[in-house]
Every structure is written in structure tokens, then in C-alpha cells.
Amino acid sequence: MKTNLKFSEYSEYSEYPEYSSTQSTRNTRNTRNTQSPQTTQKTLIPSNMTHTKNTMLDRRYLRMATIWSENSYCQRRQVGALIVKDKMIISDGYNGTPSGFPNVCEDDNNVTHPYVLHAEANAITKIARSGNNSDGATLYVTDSPCIECAKLIIQAGIKRVVYSREYRLTDGADLLRRAGITVEHMPLDNI
Ligand SMILES: [Zn+2]
């Protein structure tokens, strides 16, 4: 890890509308039409409503990951992660030292110890000790994954990554996208 890490400007505040109006739904419901019941049912649910509901869940999971990051003893940066599969949280993690090591992440010069595990690595390896698996899961993480964690995410079968804080290095996110993983930036100030 290099010193003087900076996060880029958060610039996507307007990307995720909180709620969409239901007025158009009511209008649709009152309109006579000759379509079959099944087709009618589909037209009554605007696609953006499903999107909005999912976005709200994403935000809540991301907020939980942010709260979970407060468990970290690391001084320079606290990172939290959750792994969600089939609407269940199957794992969690925050950055810190391996089991049995003192809870001190930095040396006297405020440089992070090389043996500190990132939040994503902790969450993924926790699954390895459980009866669960992360195939097809979503990872919620406070910070854009580094390239080392990106490799683990790919190999763990995770299919989607949602993060809030942008990082100046994008090689981790780029690698995830190359592997066909959906990567979404949801800025912290917007959740
Ligand atoms: Zn990492």
C-alpha cells in the first residue's frame, strides 16, 4: 500500500433516484385495454419500480457494510464487506490482522503491515470455513476492491460487486469487469 491515498471526487449523486412516482401505475390500472391478464399484469409494474426496490436494498446492505467497517482496528482506513446470496447475508468481513495476531494494522511509521487481510479477503475466507458457498453472490464493500482481492472475488464465483468509495487505482475493478462481474459504484454520500 502506498501512502497519501486519495479518493476521487464523488460525482454520481443523481444516479440512483430514491423513489419513483406511482402515479403512472394508477393511470395504467384505470385504463381499459384488451390485452390478456398476464400481459396486463406485466404492464402494471413499471420496470423502474423493481429497479428502485433493488437499489434500496443495495443501499441498505452497503450501509451495513459501512457500519461493519467500524469493527476494524486499522487506523489508516476502515473497510467493511458483506456477501449476500439469495437475499441472505452469508458472510462478513473487515480489514484486520489474521487470527492470533495483535489487533494492530500499522507499524510505527503508519505503514500497513503486509499481513493485514482486506475486508473482502476476510469475508471470502470466512465462507471457506462455513458450510456455505459464494457462487453467484453479491459482494457489498465500502471501498473499490484492490487487484489482489479482485482475484479472490473472481475465484469465489461472486457475480456482482457494489462499492461506495472510489479508489484512484482502478485495476481491481477493471479486472472484475474483464471477468464478466458486474461492478457498481454507489457513492457513500448517496446511501
Ligand atoms: Zn484488497
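The chain holds six helices and five strands, where helices (H or I, at least four residues) and strands (E, at least two) are DSSP runs numbered from the N terminus. Read from the N terminus, the order of elements is α-α-α-β-β-α-β-α-β-α-β. This is a predicted model: local features need pLDDT of at least 70, side-chain atom pairs count only at pLDDT 80 or more, and totals for chains, interfaces and linings use all residues. Residues are numbered from 1 along each chain as its sequence is written.

**Stop 1: colour by confidence**

Colour the chain by pLDDT, the predictor's confidence in each residue, from 0 to 100. The average over the chain is 81, and 73% of the residues score at least 70. Now select residues 1-40, where pLDDT stays under 50. For this stretch the model has 30 contacts beyond four places in sequence; two residues are in contact if their C-beta atoms, placed from the backbone, lie within 7 Å. Where pLDDT is low, the predicted coordinates should not be read in detail.

**Stop 2: the sheet**

Select the five strands. They form an open sheet in the order β2-β1-β3-β4-β5, with mixed pairing; two strands pair if DSSP finds at least two bridges between them. At the edges are β2 and β5 (182-185), each of which pairs on one side only. Neighbouring strands of the sheet are turned by 15 degrees against each other on average, direction ignored. Axes here are lines fitted to C-alpha atoms, for helices over the stretch in contact, and angles run from 0 to 180 degrees between N-to-C directions.

Add α4 (119-128) to the selection. Helix α4 packs on the sheet, where it touches β1, β2 and β3, and its direction makes about 130 degrees with that of β2. The buried residues of α4 are A119, E120, A121, N122, A123 and I124. A residue is buried if 20 or more other C-beta atoms lie within 10 Å of its own, exposed if 12 or fewer, and partly exposed in between, with C-beta atoms placed from the backbone. Their cover includes β1, β2 (88-94), β3 and α5.

**Stop 3: the β1-β2 hairpin**

Zoom in on β1 and β2, which run antiparallel and are joined by six bridges. G80 stands opposite Y94 in β2. The two strands form a hairpin with two residues between them. In that turn, select D86: its phi is positive, near 50 degrees, in a residue other than glycine. D86 counts as exposed because 7 other C-beta atoms lie within 10 Å.

Move on to N110, in the loop between β2 and α4. N110 also has a positive phi, about 65 degrees, although it is not a glycine. N110 is exposed, with 10 other C-beta atoms within 10 Å. Most residues other than glycine have a negative phi.

**Stop 4: β4, β5 and Y163**

At the other edge, β4 and β5 pair in the parallel sense over four bridges. Select V162 to find its bridge partner in β5, E184.

Then pick Y163, in strand β4. Y163 is buried, with 26 other C-beta atoms within 10 Å. Beyond its neighbours within four places in sequence, Y163 is in contact with V141, T142, D143, S144 and H185. Draw a distance from the C-alpha atom of Y163 to that of T66: they are 97 residues apart along the chain and separated by 9.9 Å.

**Stop 5: α6**

Select G172, A173, L175 and L176, which are buried in α6. These residues lie on the same side of α6, because they cover an arc of only 160 degrees around the axis; the arc is that of the directions from the helix axis to the C-beta atoms. What covers them includes α5, β4 and β5. After α6 comes G180, with a positive phi near 85 degrees.

**Stop 6: the core**

Which residues touch the most other members of the largest nonpolar core? Select A81, L82, L139, Y140, V141, I153 and V161, out of 35 residues in that core. A nonpolar core is a set of buried Ala, Val, Leu, Ile, Met, Phe, Trp, Tyr and Cys residues joined through C-beta atoms within 7 Å. Elements giving two or more residues to this core include α3 (47-68), β1 (80-85) and β3 (138-143).

Finish on Y140. Not counting residues up to four places away in sequence, Y140 touches Y61, L62, A65, A81, L82, V84 and V162.
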